[in-house]
Amino acid sequence: MSDISQLAPQPLWRWFEKICSFPRPSGHEAALSQYIQQWAKEHQLEVVVEEVGNLIIRKAATPGMENRKPVVIQAHMDMVPQKNADKVHDFTKDPIEPWIDGDWVKAKGTTLGADNGIGMCSALAILESRDIAHGPLEVLLTVDEESGMSGAFGLQPGVLQGEILINTDSEQEGEIYMGCAGGVDAAITLPVTTEAATSDSSAFRLMLSGLKGGHSGANIHLGRGNANKLLARFLFEKASDLQLQLVDFQGGTLRNAIPREADAGLVVPNAQVDALQQAVAEYEALLRSEFAIADPDMQLTLSPMPVASEVMSAQTQQQLLALLNACPNGVMRMSDEVEGVTETSLNLGVVSIENQQATALCLVRSLIDSGRDYVCSQLSSLATLAGAKITFNGAYPGWKPDNHSPVMAIVRDTYQSIYHKEPVIMVIHAGLECGLFKQPYPDMDMVSIGPTIRFPHSPDEKVNITTVGQYWQLLLAVLQRIPEKA
C-alpha cells in the first residue's frame with residue numbers, strides 16, 4: 001500500500017487512494033460511480049441512482065440508535081481539472097498522483113481532488129465501518145457540482161429520508177458553515193471577422209503564466225492576478241502604438257477557477273519588433289511589482305510563431321480588447337452583515353475564440369440576489385457597448401443562514417467539547433449545493449464542515465493531514481449526538 005493509505009484515519013485515506021485512481025472531472029464520474037455502486041451492493045447496502053446520476057446509499061442504524069433522526073452525509077463526486085503547463089495529464093484517463101509533503105497531501109502537477117474527495121471518502125468510510133455509531137444514514141453523492149451543479153439541480157423531492165444534512169464541502173477546519181453565496185453563469189459572445197495580415201511583419205505568441213489562480217469564490221478576495229484581465233490590459237494599451245494585429249486570444253479553462261494562464265497570437269510590423277520586446281519586458285516588471293506578494297511567480301514570455309496570413313479585423317480587435325479590458329472582475333462588494341466575507345464577486349474565467357466567435361465566460365457570485373442582479377446588469381451594459389451578445393444560465397440560489405439551526409448548534413457544541421475552543425460560525429462566498437437542496441427539501445436542517453484545503457481549483461491544491469483527522473473525529477462525534485426523533 002502507498003504512504004497515503006497509511007495516514008490516519010486509515011479508512012478515509014484508503015478510500016482517497018482508491019478514488020485518485022479514477023478520473024473524475026465534471027461529466028466523467030461514471031466509472032467511479034459504477035465502482036461505488038458495485039461496492040455498496042457487495043456490502044448489502046441499498047443504492048438508488050437518480051436519473052441525473054446522483055447516488056444515494058442507505059445504511060441501517062447501529063444497534064440502539066434506531067430512533068435517532070435520520071442523517072444525510074453529502075459530497076460531490078467530481079473534481080476540477082487543472083494542471084501546470086508542463087504537466088502531461090489527461091483528466092479523463094489518467095489517475096491523480098498524490099504525495100505527502102510534511103503535514104500536507106498534494107498532487108503532482110495537477111489539482112488533487114480533495115475538494116470534495118475527502119468529504120466523499122469520509123462518507124464511504126462510515127458506510128464501510130462496523131464500529132462507528134450512527135442512526136439511520138444516507139450518503140448522497142452528487143455529480144457535476146464543479147461545472148454546473150446539475151446533480152443538485154436534479155435532486156428529486158421525496159427521495160431522501162433524512163431530516164438532517166451534513167455537507168462535507170467546506171475547506172477550513174474550525175469553521176462551521178451555515179450559509180453560502182448563490183451564482184449565475186454569464187457568456188458574452190462577439191462575432192469575429194478577419195482580414196489579411198500586413199506584409200513585412202513578424203508573428204509572436206505572447207503568454208502570461210505562473211499565476212496562482214485558485215477558487216473563484218474562496219480565493220477571490222486575495223487579490224490574485226487574473227491572466228485574462230492582465231493580458232488584455234497590455235494588448236489594449238499597446239495595440240495602437242505598436243500596430244499590433246491580434247490572431248487569437250485564449251485564457252483560463254473553467255469559469256469557477258481564477259485563470260492562471262492566457263496567451264495571444266500577434267502580428268507586428270518588423271519595424272516594431274524591438275519596441276514590442278521592450279514593452280513586454282517593461283510590463284512584466286510592472287506586474288511583478290504590482291503583484292509581488294499575491295502572485296510573485298508570474299511570467300510574460302514572447303516567442304516566435306509561424307507567420308499568420310489572417311488576423312482579426314481592426315473593428316473586431318478593438319471591440320474584443322475593449323470588452324476584456326473593461327470587464328469587471330474580482331470583489332465587487334464586501335458583506336456588511338458578515339465581517340470579512342465577500343458579498344458579491346465576478347470572475348472572468350475563460351476567454352476563447354472558435355468558429356469565428358469570441359466567448360468570455362464569467363461566474364457571478366453573491367450572498368444576495370440583488371447584488372448578483374446588479375453585476376449581471378453591468379455585464380449586459382458592457383456587452384451592449386461592445387456590440388456583443390450576452391446570455392445568463394445555471395442560476396442557483398444562495399443558502400440563507402439559519403441562526404436557530406439545531407444541527408449547527410450540535411456541531412458547535414460538539415466541536416467545543418472536543419477541542420475546548422469555540423468554532424467560527426461562517427457564511428462562505430463559494431457556492432455549496434445546500435441552497436439547491438433547500439428547494440426540494442425546505443425543512444431539512446443543514447450544516448457544512450470539512451478539513452483545511454488550500455488553493456482548491458488549482459494545481460497547488462493541498463489538504464492538511466492533521467485537520468482531516470480533526471474533521472473525521474468531529475463528524476463521528478456529531479453522528480453520536482444526533483437526537484432522537486420527536
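**Exercise 1. The segment before H1**

Determine where Pro9 lies in this predicted model, and state what kind of peptide bond joins Ala8 and Pro9.

*Solution.* Begin with the position along the chain: Pro9 lies in the segment before H1. Next, inspect the peptide bond between Ala8 and Pro9, which is cis, with an omega of about 0°. A second cis peptide bond can then be examined at Asp115 and Asn116, where omega is again about 0°; Asn116 lies in helix H3, which spans residues 114–128. For context, most peptide bonds are trans.

**Exercise 2. Backbone of a loop residue**

Find in which loop Gln44 lies, and state what its phi is.

*Solution.* Locate the residue: Gln44 lies in the loop between helix H2 (30–42) and strand S1 (46–49). Then read the backbone angle: although Gln44 is not a glycine, its phi is positive, at about 55°. As a rule, most residues other than glycine have a negative phi.

**Exercise 3. An aromatic pair within H1**

Describe the geometry of the aromatic pair formed by Trp13 and Phe16, and explain how the two residues are separated in helix H1.

*Solution.* The structure holds 6 aromatic pairs, and one of them is formed by Trp13 and Phe16, with 5.7 Å centre to centre and 85° between the planes. Because planes over 60 degrees apart count as edge-to-face, the pair of Trp13 and Phe16 is edge-to-face. As for the sequence, Trp13 and Phe16 are 3 residues apart in helix H1 (residues 10–20), which means that about one helical turn separates them.

**Exercise 4. The packing of H1 and H3**

Work out how the axes of H1 and H3 cross, and which residues make the contact.

*Solution.* Start with the axes of H1 and H3, which come within 8 Å and cross at roughly 125°. That angle makes H1 oblique to H3, and H1 passes H3 in a right-handed crossing. From H1, the contact is made by Pro11, Leu12, Trp13, Trp15, Phe16 and Ile19, while H3 contributes Ala114, Gly117, Ile118, Met120, Cys121, Ser122, Leu124, Ala125 and Glu128. Sorted by class, the contact of H1 with H3 has 12 nonpolar, 2 polar and 1 charged residues. Trp13 and Phe16, the edge-to-face pair, are thus among the H1 residues that make this contact.

**Exercise 5. The packing of H5 and H6**

Establish the orientation of H5 and H6, and then the classes into which the residues of their contact divide.

*Solution.* Helix H5 (residues 227–238) packs with helix H6 (residues 273–290) at an angle of about 135°, and their axes are 12 Å apart. H5 and H6 are therefore oblique to each other, and the crossing in which H5 passes H6 is right-handed. In detail, Leu230, Arg233, Phe234 and Lys238 of H5 meet Leu276, Ala279, Val280, Tyr283, Leu286, Leu287 and Glu290 of H6. The residues of this contact of H5 with H6 comprise 8 nonpolar, no polar and 3 charged.

**Exercise 6. A sheet and helix H11**

Give the strand order of the open sheet of 4 strands, and show which of its strands helix H11 touches.

*Solution.* The order of the open sheet is S4-S5-S25-S24, and the pairing is antiparallel. Strand S4 (98–101) and strand S24 (453–454) are the edge strands, each pairing on one side only. Strand S5 (residues 104–107) and strand S25 (residues 462–464) run antiparallel and are joined by 3 bridges; Lys106 stands opposite Lys462 in S25. Helix H11 (residues 465–481) packs on the sheet, where it touches S4, S5 and S25, and its direction makes about 60° with that of S25.

**Exercise 7. The packing of H9 and H11**

Describe how helix H9 packs with H11, and identify the residues that meet.

*Solution.* Helix H9 (residues 406–419) and H11 pack at an angle of about 120°, their axes being 9 Å apart. The two helices, H9 and H11, are therefore oblique to each other, and their crossing is right-handed. On H9, the residues Ile410, Val411, Asp413, Thr414, Tyr415, Ser417, Ile418 and Tyr419 meet Gln470, Gln473, Leu474, Ala477, Val478 and Arg481 on H11. Divided by class, the residues of the contact of H9 with H11 are 8 nonpolar, 4 polar and 2 charged.

Technical notes:
Residues numbered from 1 in each chain as written. Predicted model: local features only at pLDDT ≥ 70, side-chain atom pairs only at ≥ 80, totals over all residues. Heavy atoms only, no water. Pairing = 2+ DSSP bridges. Contact = heavy atoms within 4.5 Å. Axes fitted to C-alpha atoms, helices over the stretch in contact; angles between N-to-C directions. Parallel < 35°, antiparallel > 145°, perpendicular 65-115°, else oblique. Left-handed = near helix turned anticlockwise from the far one by under 90°. Nonpolar A, V, L, I, M, F, W, Y, C, P; charged D, E, K, R; others polar. Phe/Tyr/Trp six-rings, centres within 6.5 Å; stacked < 30°, edge-to-face > 60°.
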